[in-house]
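Work through the exercises below with the sequence and the 3D view side by side. Try each task before you read its solution.

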Amino acid sequence: MNLQPLRIEAGWQVTNNQFYEVDPIPGQESYFEGSSLLMLRNNGRLKLIDLQWRPELDLNGEYQLQVLNFVENFNPITNEFDTEPNWEHPVLNFATKSRLVLVEKLEDLLRTLPVFEDPRMIERRGVIDNLSESYRLRIVENGISTDYINDILENGSAQLQVYILSHKDLTREILLKFAENGLTKKVKNQAKQKLTSKGFRA
């Protein structure tokens, strides 16, 4: 039996493929077992697609497709990137009994899924800026506090400072500090521009 033909867009890697051009009919049960029929990943978009048949071997089951975001962590021992898919919070769940409907959906996703923006503060691909990330997590949990804005201006990365400039709790006082003492010209200019916008003008 042949594998199911698929139009796979550039950037996607097939990491597992047991998805055959066969429908669930008596005698074909063996094609509908295993933890995953098809798995594809795209490092550029930070996306993983996982396809299963559930319940396994049950011809009355259905295809179940999940789209997951993932983050990359550089492993200095292997000199490779380890990925951590977010299995607990899929971006999309899709189920169908029809192989042809599934193929159409899958090919559409391969074309249109957007890039996942890794929210973490990173020094370079897969390497976390631990200090700036600790500030970001504190902001996520407690909001922005002027108590540690001075520390962020002194020690936080430009990426963190840009993140703060788009935060809902941003104040004119914070903007004034960033316009004067931002780490980069880009940060200072963004702060100055926001100071002239509605809601922040004196």
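**Exercise 1. Place N79 and describe its backbone and exposure.**

Step 1. N79 sits in the loop between β4 and β5 (80–85). Strands (E, at least two residues) and helices (H or I, at least four) are DSSP runs, numbered from the N terminus.

Step 2. The phi of N79 is near 60°, a positive value in a residue other than glycine.

Step 3. N79 counts as exposed, at 58% relative accessibility. Here exposed means over 50% relative accessible area, buried under 20%, and partly exposed in between (1.4 Å probe, protein chains only).

Before going on, two notes on the source. This is a predicted model, where local features need pLDDT of at least 70 and side-chain atom pairs count only at pLDDT 80 or more, while totals for chains, interfaces and linings use all residues. Residues are numbered from 1 along each chain as its sequence is written, and side-chain values use heavy atoms, with hydrogens and water left out.

**Exercise 2. Examine the loop between β3 and β4.**

Step 1. Find P55, which lies in this loop. The peptide bond from R54 to P55 is cis, with omega near -10°.

Step 2. Move to L57, in the loop between β3 and β4. Its phi is near 70°, a positive value in a residue other than glycine.

Step 3. Check the exposure of L57. With a relative accessible area of 41%, L57 is partly exposed.

**Exercise 3. Work out the surroundings of strand β3.**

Step 1. Start with β2 (residues 38–42). Five bridges join β2 to β3, and the two run antiparallel. Strands pair if DSSP finds at least two bridges between them. One pair to locate is M39 with its bridge partner D50 in β3.

Step 2. Look at the turn. The hairpin of β2 and β3 has four residues between the strands, and L46 takes a positive phi near 55° there.

Step 3. Turn to β4 (residues 62–75). Eight bridges join β3 to β4, again antiparallel. W53 has Y63 in β4 as its bridge partner.

Step 4. Is β3 enclosed or open? Seven of the eight residues of β3 (residues 47–54) are buried, so the strand is largely enclosed by the rest of the structure.

**Exercise 4. Find the buried face of helix α1.**

Step 1. Take the span. Helix α1 (residues 99–112) has 14 residues and reaches 20 Å from its first C-alpha to its last, close to the 20 Å expected. The expected span is 1.5 Å times one less than the number of residues.

Step 2. List the buried residues of α1: R99, L102, V103, L106, E107, L109 and L110. Seen down the axis of α1, they fall within an arc of 160°, so they line one face of the helix. The arc is that of the directions from the helix axis to the C-beta atoms.

Step 3. Look at the other side of α1, where L100 and E104 are exposed.

Step 4. Ask what covers the buried residues of α1. The cover includes β2, β3, β4 and β6 (92–96).

**Exercise 5. Trace the packing around α4 and F178.**

Step 1. In helix α4 (residues 158–165), L160, Q161, I164 and L165 are buried. Seen down the axis of α4, the buried residues fall within an arc of 145°, so they line one face.

Step 2. These buried residues of α4 pack against α2 (130–142), α3 (149–155), α5 and α6 (185–195).

Step 3. Go to F178, in helix α5 (residues 172–181). F178 is buried, with a relative accessible area of 0%.

Step 4. Find its contacts (heavy atoms within 4.5 Å). Not counting residues up to four places away in sequence, F178 touches I149, L153, Q161, I164, L165, V187, K188 and A191.

Step 5. Compare sequence and space. F178 and Q161 are 17 residues apart in sequence and 8.1 Å apart in space, C-alpha to C-alpha.

**Exercise 6. Relate the two domains.**

Step 1. Domain 1 (13–112) and domain 2 (122–196) are given by the domain assignment of the protein. Such bounds come from an automatic or database assignment.

Step 2. The centres of domain 1 and domain 2, taken over C-alpha atoms, are separated by 38 Å.

Step 3. How many residues are in contact? Five residues of domain 1 are in contact with four residues of domain 2.
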